[in-house]
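The exercises below are to be worked from the coordinates. Each task is followed by its solution in steps.

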Amino acid sequence: MTGTRALGSAVAALAGAALWLVAAPPVAESPIRFAYRPIDFRLESCETPERHAPETMAGGVAIFDYNNDGKLDIFFTNGADIGTLKKSSPKYSNRLFENDGTGHFKDVTAKAGLAGTGYDTGVAIGDYDNDGYEDIFVGGVHRNTLYHNNGDGTFTDVTAKAGLSSKPDPEYGPLWSVGGAWVDVNNDGLLDLLVVNYLQWDGDKEPVCLDNGHQEYCHPRFYGKTPNQLFLNNGDGTFTDVSVSSGLRAHPGKGMGVGVADYDLDGHMDFFIANDKLFNSLFHNKGDGKFEEVAFDANVALREDGTYISGMGVDFRDLDNDGYPDICLAALDNETFPIYRNTGKGDFVEVTSQSKMGQLSEPMSGYSPMIADFDNDGWKDIFVSRGHVQSLLASSHLLVAQNNTVFRNLGGMKFAALTGEAGFAAQAPSRHRGSAMGDLDGDGRLDIVVSALSAPAEIWMNQSPGSNHWLELRLEGTKSNRDAIGARIKIVTKSGPQYNHLATSVGYASSSAGPVHFGLGRNASVDLVEIHWPSGVVQELKNVPGDQLLKVKEPAR
């Protein structure tokens, strides 16, 4: 009898457990989800026991359509022999991958002529000669390269012809560029080139910084500052250095990222430069060929507590749909990823804490932030490629290899961090560096490409669930400024307005040159598309269906 009661109790308990299992609510699917896809590229930075500074700073990525077939392709910068700064082995080759339209790629580097020769760090994409084909600027250690797109699948090194050959600066010595930005600073229809330089580095005079008996990468304070450079496009394939006359040279730093936007909507493009353990720089374009550095006046020079941080990459776009570009930059652990909200009055207010980004990013180290709507809900999110600057032998208290994270915008300026939930934990953590974004398979969802030191690169295909709508705009300017970089776009749906602008510089050392993307949420169409072209022309399109890539040409004046 006792045994029967015991058996009955056990059965009842199992039944109750079964009922509990059946009744338990399902685990909610992450609203933003990515799936890993490999690509045959490994970032080789020639890491040595001496821990030369460039070894930990390689890794720019670009997404752009190099052959105008409507499919976004991928370009990776790569390192070189750290002793000679030359690509002494094929493993150091920069790489160009052509997209078949489904997000699968083939290596076309050799045919394109883009293997490179030096220690390359960053990349900037733009059509500097307005021939309708995207050109490539590659920034590197003591050497920069400009590749002209010939329109037949090949590129030509035109650095010397363009007047961009690297020469030691008379005051600062050889310069080390981490990339830059193409932007028309004087509204003449020609893309000019901003080159962002990092710190003074001499491989024969590397400082020694020990960690548990072995050398580690040294703090930026052990290296001198360098000036950024601005080159005006002459319209004949050559450039003029206006770094001094523009005012940029008067503010040297240790730049690691540049964001480009017209933050005060005065019709002139401005620059925000994230500096490593220094004041950040905000260069306001006065419209007369001059820039004024206003970071302190605009409240973006430092974090709100007044401390220096390791300013890495940056993105400069509207996060709260109020029409004014905001700023997000990445930094190292215990420094957070600061967010500065544009007040619309010529300055910014830091909202890192209020947005929850402070507590979410406190334990993280990041390199390349990108602002975009990854779940197409109408609010731009923030992706950050993550990894520490130190080597894998660094002190055990440092989390060096990390998984990437996307911070979902919950509406305006509140974020939730998605790492494993977004699928990024499907791959082992790594020292991620550059990142770029674009719709690689034409499904209306933004995909991501990331590089990682001494590890395979990663493609993250966006497989976010749901049926949110979207719209992508491929803008084509007139014969001057074909790229339309600097164009501002406003869309209006039943849910309200959204804003974005065309700029290809993004994150750390990287470039995203795809169409301008908008998530529409539940709205199947857009009531109004308003485009402010760099020329001053304002164009309106009404009742535009969603879920399409729309090509828009600038109307004649």
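**Exercise 1.** Is S243 buried or exposed?

*Solution.* The model is a predicted one.
Step 1. Take the relative accessibility of S243, which is 4%.
Step 2. Compare this value with the cut-off: a residue is buried under 20% relative accessible area.
Step 3. S243 therefore counts as buried, its relative accessibility being 4%.

**Exercise 2.** Place S243 in the secondary structure and list its contacts outside the local stretch of sequence.

*Solution.*
Step 1. Helix α4 spans residues 243-246, and S243 belongs to this helix.
Step 2. Set aside the neighbours of S243 within four places in sequence.
Step 3. The residues then in contact with S243 are N228, Q229, L230, L248 and R249.

**Exercise 3.** Describe the cover of strand β26 and determine how β26 pairs with β25 and β27.

*Solution.*
Step 1. Strand β26 covers residues 405-409; four of its five residues are buried, so the strand is mostly covered.
Step 2. On one pairing, β26 meets strand β25 (residues 381-386) in the antiparallel sense, over three bridges. Within this pairing, F383 has V406 of β26 as its bridge partner.
Step 3. On the other pairing, β26 and strand β27 (residues 415-418) also run antiparallel, joined by four bridges. Here N409 is bridged to F415 in β27.
Step 4. Turn to the connection: β26 and β27 form a hairpin with five residues between the strands. In this hairpin, G411 has a positive phi near 130°.

**Exercise 4.** What radius of gyration would a compact globule of 557 residues have, and what does the protein have?

*Solution.*
Step 1. For 557 residues, a compact globule would have a radius of gyration near 24 Å.
Step 2. The protein has 24 Å, which agrees with that expectation.
Step 3. For the extents, take the principal axes: the C-alpha atoms fill a box of roughly 100 × 65 × 50 Å.

**Exercise 5.** Summarise the whole protein by its secondary structure, burial, contacts, surface and charges.

*Solution.*
Step 1. Secondary structure: five helices and 39 strands.
Step 2. Burial: 60% of the 557 residues are buried.
Step 3. Contacts: of those between residues at least 6 apart in sequence, 60% join residues at least 24 apart.
Step 4. Surface: the accessible area is about 20,700 Å², and carbon and sulfur atoms account for 53% of this area.
Step 5. Charges: there are 46 positive and 72 negative ones, and their mean positions lie 2 Å apart.

Technical notes: Residues are numbered from 1 along each chain as its sequence is written. This is a predicted model: local features need pLDDT of at least 70, side-chain atom pairs count only at pLDDT 80 or more; totals for chains, interfaces and linings use all residues. Side-chain values use heavy atoms; hydrogens and water are left out. Helices (H or I, at least four residues) and strands (E, at least two) are DSSP runs, numbered from the N terminus. The radius of gyration is taken over C-alpha atoms; the globule rule is 2.2 Å times the number of residues to the power 0.38. Buried means under 20% relative accessible area, exposed over 50%, partly exposed in between (1.4 Å probe, protein chains only). Contact means heavy atoms within 4.5 Å. Accessible areas come from the Shrake-Rupley method with a 1.4 Å probe; for residues, only the protein chains shown count as cover. Lys and Arg count as positive and Asp and Glu as negative; His and the chain ends are not counted. The place of a charge is taken as NZ of Lys, CZ of Arg, CG of Asp or CD of Glu. Two strands pair if DSSP finds at least two bridges between them.
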